[in-house]
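Let's take a friendly walk through this structure, one step at a time. Keep the sequence and the 3D view side by side as you read.

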Amino acid sequence: MKHLTASTARKNFDAVLGDVTRFREPVAIVSDDNDAAVIISMDEWNSIQETLYLCSIPGMVESIKAAASEPLEYGVPAEEVDFGV
């Protein structure tokens with residue numbers, strides 16, 4: 001993760017924001033008195049929120065881990081799945 005001083009981030013904010021959104025790479029900003037914050041893209045924020053939501057559902061994490069450990073041959077080919085569209 002890139003670290004910037006607050007003054008550098010302020011001077012180059014448009015470029016910092018562009019890099020954060022384009023490359024989905026968070027940037028830490030630290031002030032002179034060591035206050036710190038992290039800038040992340042909206043896509044990353046939404047992804048974090050979705051992960052937190054899924055982890056809050058009882059049994060969901062265990063279900064995902066169990067499914068991930070199943071051999072691929074146990075799955076159903078995508079062309080056989082009815083997505084209801």
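Let's begin with Glu44, which is partly exposed at 25% relative accessibility; here buried means under 20% relative accessible area, exposed means over 50%, and partly exposed is in between, with a 1.4 Å probe and protein chains only. Before going on, please note that this is a predicted model, in which local features need pLDDT of at least 70 and side-chain atom pairs count only at pLDDT 80 or more, while totals for chains, interfaces and linings use all residues. Residues are numbered from 1 along each chain as its sequence is written, and side-chain values use heavy atoms, with hydrogens and water left out.

Glu44 has a salt-bridge partner in Arg24, with their closest N and O atoms 2.7 Å apart. The term salt bridge stands for a side-chain nitrogen of Lys or Arg within 4 Å of a carboxyl oxygen of Asp or Glu. Because Glu44 belongs to helix H3 (residues 42-56) and Arg24 to the loop between H2 and E2, the pair ties together parts that are 20 residues apart in sequence. Helices (H or I, at least four residues) and strands (E, at least two) are DSSP runs, numbered from the N terminus. Arg24 is partly exposed too, with a relative accessible area of 40%.

Now look at Ser41, in the loop between E3 and H3. Is Ser41 buried or exposed? With a relative accessible area of 5%, Ser41 is buried. A polar atom of the Ser41 side chain lies 3.0 Å from the backbone nitrogen of Glu44. Neighbours within four places in sequence aside, Ser41 is in contact (heavy atoms within 4.5 Å) with Val20, Thr21 and Arg24.

How many salt bridges are there by this rule? The count comes to 3. One of them joins the side chains of Lys2 and Asp19, at 3.9 Å from N to O. This pair links distant parts of the chain, since Lys2 sits in strand E1 (residues 2-5) and Asp19 in helix H2 (residues 13-23), 17 residues apart. Asp19 also forms a salt bridge with Arg22, where the closest N and O atoms are 3.1 Å apart. Asp19 and Arg22 are 3 residues apart in helix H2, so about one helical turn separates them. Lys2, Asp19 and Arg22 are thus linked in a network of salt bridges. Within this network, Arg22 is exposed at 56% relative accessibility, whereas Lys2 is partly exposed at 42% and Asp19 is partly exposed at 28%.

Next come the strands. E2 (residues 27-30) and E3 (residues 36-39) run antiparallel and are joined by 4 bridges; two strands pair if DSSP finds at least two bridges between them. Ile29 has Ala37 of E3 as its bridge partner. The hairpin of E2 and E3 has 5 residues between the strands, and Asn34 takes a positive phi near 70° there.

Finally, turn to the interior. In soluble globular proteins, nonpolar side chains tend to be buried together. Here the largest nonpolar core (buried Ala, Val, Leu, Ile, Met, Phe, Trp, Tyr and Cys residues joined through side-chain atoms within 4.5 Å) has 7 residues: Leu4, Ala9, Val16, Val20, Val27, Ile29 and Ile39. H2 and E2 each supply at least two residues of this core. Apart from neighbours within four places in sequence, Ile39 is in contact with residues including Val16, Val20, Val27 and Ile29.

Key: A polar contact is a pair of N or O atoms within 3.5 Å; within protein, one must be able to donate a hydrogen and the other to accept it, and residues adjacent in sequence count only if both atoms are side-chain atoms.
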